Amino acid sequence: MPQTKVNRISIDNILTAAENLKGVAIRTPLMPNHHLSERYGANIQLKREDLQVVRSYKIRGAYNMIQSLDEEQLKNGVACASAGNHAQGVALACSLKKIKGTIFMPSPTPSQKVTQVKMFGKEYIEVVLTGDTFDDAFHEAIAFCEKNDVAFIPPFDDEKVIEGQATVGKEILEDSNEPVDYLILPIGGGGLAAGLASYFKVLSPSTRIIGVEPAGAPAMKNSIEKGEVVTLDNIDKFVDGAAVKRVGDITFEICRELLDDVITVPEGQVCGEILRLYNEQAIVVEPAGALSITALNVLKDEIEGKNVVCVVSGSNNDITRTMEIKERSLLYEGLKHYFIVNFPQRAGALREFLTEVLGKNDDITHFEYSKKNSRERGPALIGIELQNREDLEPLMSRMEVKRFKYEYINDQPQLFHYLI
């Protein structure tokens, strides 16, 4: 059987991984999606890894790597660093194999995620909250492994992990009733993309494989463009399941060789897709899980009339983020705007703003005002939600006509994030 040019991930090893995962990872459905198919004029199917045991595909790679270790390597247990899905995958793998696992997570990790990890790992795992960031937790985990001779389970940059993730692709090809023209998948560190690309390029070489990253963390795209792995200085961490500063060395080599394209989508557009999937189809996805579906809008001209598979990678979405998701979506759609308005400190100024400046369909959703007795004007921070993005210019024109001095802060990132 032919191998990929990079010759790292063999089909035989992927088939072995599939055997290892029997009774561990469920065979998630490949589901036709009529809403998306009608919207884009294509035959769109979703590979629902959000329905996996730990609500993401991460159990596949974690378990496959742990399964590959011998008894001597496992005698002191395993460890990993993660603030999310990888931690849950390792925890469940430890519970199933009845081995000790130590999970290092950043101290600010939400309690809901910590609880989930403990639930899957049961008495076999210990959660260590340390440091402020993932990098802090990662370095602590590595030091722990070196000191205690414990096997470290990386989230993506390992061949056994990649082979486990590749079993998603095996299931897609076996369950699809027609040739797959486009395979669209999310990219974080690159393990899922490297695995699926390794499988598809051998058994379905005509399939175009498109990787999708959040615009605020284009680590793979930038690395491929530069021809070497780059480390991003700053990233937007909102799409937490796919926002990494640095992709893996192994995953980079495979993705550079085998992916047909890597594209990015704005975080605000991802938020809109999350809301649309929930409201229209009762599908709950995490931000990373929505990346491939969000990319359909970018690729709509290409995919018309084609058979398209989108990998929905996970559904571990914290309900407390709902308001932030809605806010980011509205900002991206041009329907939410923030102003600092200097109100004349006279009776009736606010009433005048409400009746003569605010449009009939405009809604004030945020208002902060402190009266300054020694000043002629008092600043107010106002958030306004519009029904149509075209209503912004008339709103600003009415403020100028009525001589309300204002500062528009949506396009001032530092001020915006400080105030909002």
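On helix α17, the face turned away from the buried side carries two exposed residues, Glu393 and Val401. This description rests on a predicted model. The buried side of α17, which runs over residues 392–401, consists of Leu392, Leu395, Met396 and Met399. Viewed down the helix axis, these buried residues fall within an arc of 95°, and they therefore line one face of α17. The helix is followed by Arg403, a residue with a positive phi, near 60°.

A comparable reading can be made of helix α10, residues 219–226. Here the buried residues are Ala219, Met220 and Ser223. Around the axis they cover an arc of only 90°, which puts them on the same side of α10. The partners against which the buried residues of α10 pack are two strands and a helix: β8 (208–214), β9 (261–265) and α11 (249–258). After α10 comes Gly227, where phi is again positive, near 85°.

Towards the start of the chain, helix α1 spans residues 11–20, and its buried residues are Ile11, Ile14, Ala17 and Ala18. Their directions, seen down the axis of α1, lie within an arc of 110°, so these residues line one face of the helix. The cover over them includes three further helices, namely α3 (58–68), α8 (159–175) and α9 (191–203).

These helices belong to a chain whose secondary structure comes to 18 helices and 14 strands. Of the contacts with a separation of 6 or more, 74% join residues that stand 24 or more positions apart. Buried residues make up 55% of the 420 residues in the chain.

The overall dimensions may be considered next. Along the principal axes, the C-alpha trace spans about 80 × 55 × 40 Å. What radius of gyration does the chain have, set beside that of a compact globule with 420 residues? The value for the chain is 24 Å; it agrees with the globule estimate, because a compact globule of 420 residues would have a radius of gyration near 22 Å.

The surface and the charges complete the account. The accessible surface of the chain comes to about 19200 Å², and carbon and sulfur atoms hold 47% of that area. The chain has 47 positive and 60 negative charges, and the mean positions of the two sets are 4 Å apart.

Definitions and conventions. Residues numbered from 1 in each chain as written. Predicted model: local features only at pLDDT ≥ 70, side-chain atom pairs only at ≥ 80, totals over all residues. Heavy atoms only, no water. Buried < 20%, exposed > 50% of the residue type's maximum accessible area, 1.4 Å probe, protein only. Helix = DSSP H or I, 4+ residues; strand = E, 2+ residues; numbered from the N terminus. Arc of directions from axis to C-beta. Contact = heavy atoms within 4.5 Å. Rg over C-alpha atoms; globule rule 2.2 N^0.38 Å. Areas by Shrake-Rupley, 256 points an atom, 1.4 Å probe, with all protein chains shown as cover. Lys, Arg positive; Asp, Glu negative; His and termini not counted. Charge placed at Lys NZ, Arg CZ, Asp CG, Glu CD.
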